[in-house]
Amino acid sequence: MNTYRQGWTLRRRVIALLALAGVLLVGLAVAEAAVAARNREYTEAVLTKTGPLRVQGQELLNALLDQETGIRGYAVSGDRADLAPYERGVQQERDVADNIMELSGDFPEVRADLRVAQQQADAWRQAVAQPVITTTERSGTTAGQALITDQARQQFDQVRAAVGDLQTAILTEREKSARNIERTGNLLVVLLIVAAVVFVVAGTVMLLSLDRMVIRPLTRLALQVREVAAGDYQHHIAGSGPPEFRRLADDVDVMRQKIAKDLDEVRAARENIEWVNSQLQKQAEELTRSNRDLEQFAYVASHDLQEPLRKVASFCQLLQRRYAGRLDERADQYIAFAVDGAQRMQRLINDLLAFSRIGRLTTGFVDVDLNKVMGDVASQTEPGRQYADAELTWGELPVIRGEEPLLTNLLVNLVSNSVKFRRPDVPPTVHVSARLVDGEWEITCQDNGIGIEAEFADKIFVIFQRLHAKDAYPGTGIGLAIVKKIVEYHGGRVWVDTDVAEGTAIRFTLPARPADVEAANSAAVEDAAEGGDAGEAPAGPVEGDDAPAERSAPVARQPDGPADEDPPGGPPGHGTTGGMRETVG
């Protein structure tokens, strides 16, 4: 580190150069301020002193002329009114003399000439004006005119000459102030030129210094860094210039060494990772084969178990029909248990078979109109809805890419669940709606049933997961697992909205077609341009839907089983069927 302390640092050099230029510019600024102040004083003297002094000098001369005119007029006419110009002139002379004394505080020569002019005027009044006035009053105009001689005229000419000297002194002071203004103005221009020269010289020195101390060392450092970046990680980086740049070069070289070391480690790790990846790829292929075998096993097992189960169920039912009432009550009960178990096992295997077929037997994605699908759903769920007096409605639904049989199965399971898990004595209502959110269609199936507790919201999509006893709500517990698998097969996700105030709202997403997204964006832009609201009306029941009069707290409900399960209590037709309604919003 001691080597870095040799010589001035870049900061110290820049600060020294800026300080020198700053001192010069500040000194020039102070000098310019002083010269500008003097220039302002000289200008103020010309505008507020010497100029008004010239006017006052002329006023003084006019006052003296008025006095002479008044004396001459009085000597000719003897009328006392003709002395008014004289008296006004005397008063005006005193006022003008006071103004000149006030304005000439910085001009002693002007004051001296003013005093001389006042003395000459006083002498003229004592020698000429007062005797003429006294003589005219006592002896008449002829005697008064006799006193106005050539000598009296010469004495007044001396007064004029004194006033002329006063005006000459005032003019001299004015010219002196004007020369001072010109001199200080020229000095200001010179100082400004010097400041500009100092600025240019300082800027030039700064640029040359930066080129020598900053740009060149950085350029050399950048060239060395580029060589390292090109792949020569063994190239030593040497610095030059100020101590900061040499320290930077050493830091970069340390970083190069660290990168080279890490690169060697990365190469070794990459070789290890490649070996691990090859092993993982083999395991993935093995897992793929294993999953395929498991799916095949589930399909074969569920398919091959159909025949023995049908035999068991058929012969159990024959035993029940033939020997019902012939054996004791316990025997009839055992036979009923066997029939029920065989039927439930058959339904379970059918559901497992349907679950295993999802994604295996595919017809390819096509454009599917969900409005048409909802019509098929309404037909398939009609028996259960008639039995429960359920109302099924749906809003305007989109066209999406998918497999129509799977989407029909998806919505049938959701609608059947909503009808099955209804509240007692409350006619069930099911509404299906859709809205476009971030390039996906979010489809909601909402009912007014018993609801789902938030703690069970994630469990209901697990295969064979039941939240109720089979006596309370029949089913195999695989219906919503089928729903989840169909949604994920189509590239979406499914969840339970636990924030609804009543019933259950199961929402799932399906990818929207690009044309639908573009149309929605264009409509939003047009609405914004027209100043209208671009919001989407909230999905809800269409006109004609009646909300329940009361709301009960939601309780946990069981995921549905197969959609074609008979309603409890017997087949449709044995319960209330006249209240079923079907509305397309």
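This is a short talk through one protein chain, from its overall make-up to a few of its residues.

Hi everyone, and thanks for coming. Before we start, please keep in mind that this is a predicted model, where local features need pLDDT of at least 70, side-chain atom pairs count only at pLDDT 80 or more, and totals for chains, interfaces and linings use all residues. Residues are numbered from 1 along each chain as its sequence is written, and side-chain values use heavy atoms, with hydrogens and water left out.

Let's begin with the whole chain. It has 13 helices and 8 strands; these are DSSP runs numbered from the N terminus, with helices being H or I of at least four residues and strands being E of at least two. Of the 585 residues, 34% are buried. Buried here means under 20% relative accessible area, exposed means over 50%, and partly exposed is in between, using a 1.4 Å probe and protein chains only. The chain exposes about 33800 Å², and carbon and sulfur atoms supply 55% of that area. Those areas come from the Shrake-Rupley method with a 1.4 Å probe, and for residues only the protein chains shown count as cover.

What about contacts? A contact means heavy atoms within 4.5 Å. Among the contacts with a separation of 6 or more, 76% are between residues 24 or more positions apart.

Now please find helix 11, residues 404-420, and helix 12, residues 479-489. How do their axes cross? They come within 9 Å and cross at roughly 145°. The axes are lines fitted to C-alpha atoms, over the stretch in contact for helices, and the angles run from 0 to 180 degrees between N-to-C directions. The crossing is left-handed, which means that the near helix is turned anticlockwise from the far one by less than a right angle; clockwise would make it right-handed.

Which residues meet there? From helix 11 we have Leu406, Asn409, Leu410, Asn413, Leu414 and Asn417, and from helix 12 Gly479, Leu480, Ile482, Val483, Ile486, Val487 and Tyr489. By class, this contact has 9 nonpolar, 4 polar and no charged residues. For the record, Ala, Val, Leu, Ile, Met, Phe, Trp, Tyr, Cys and Pro count as nonpolar, Asp, Glu, Lys and Arg as charged, and the others, Gly among them, as polar. It helps to remember that an α-helix has 3.6 residues a turn, so residues three or four places apart point the same way.

Staying with helix 12, its buried residues are Gly479, Leu480, Ala481, Ile482, Val483, Ile486 and Val487. After the helix comes Gly491, with a positive phi near 85°. Val487 also turns up in the contacts of Thr509, along with Glu440, Trp441, Glu442, Gly492, Arg493 and Trp495, leaving out residues up to four places away in sequence. Thr509 sits in strand 7, residues 505-511, and is buried at a relative accessible area of 2%.

Back in helix 11, have a look at Leu411. Is Leu411 buried or exposed? At 4% relative accessibility, Leu411 is buried. Not counting residues up to four places away in sequence, Leu411 touches Val373, Met374, Val377 and Phe508.

Next, the loops. Asp425 is in the loop between helix 11 and strand 4 (429-437), and Asp438 is in the loop between strand 4 and strand 5. Neither is a glycine, but phi is positive in each: near 60° for Asp425 and about 50° for Asp438. Asp425 is exposed at 82% relative accessibility, and Asp438 is exposed at 77%.

Asn448 is another loop residue, between strand 5 (440-447) and helix 12, but Asn448 is buried at 5%. What does the Asn448 side chain reach? One partner is the backbone oxygen of Pro427 at 3.2 Å, and another is the backbone nitrogen of Thr429 at 2.9 Å.

Last stop: helix 3, residues 108-139, where we find Val110. Val110 is buried, with a relative accessible area of 0%. Beyond its neighbours within four places in sequence, Val110 is in contact with Ile100, Ser104, Leu166, Ala169, Ile170 and Glu173. Thr136 is in helix 3 too, and is buried at 6%. With the same kind of neighbours left aside, Thr136 is in contact with Tyr74, Ala75, Gly78, Thr141 and Gly144.

That's my tour. Thanks for listening!

Key
A polar contact is a pair of N or O atoms within 3.5 Å; within protein, one must be able to donate a hydrogen and the other to accept it, and residues adjacent in sequence count only if both atoms are side-chain atoms.
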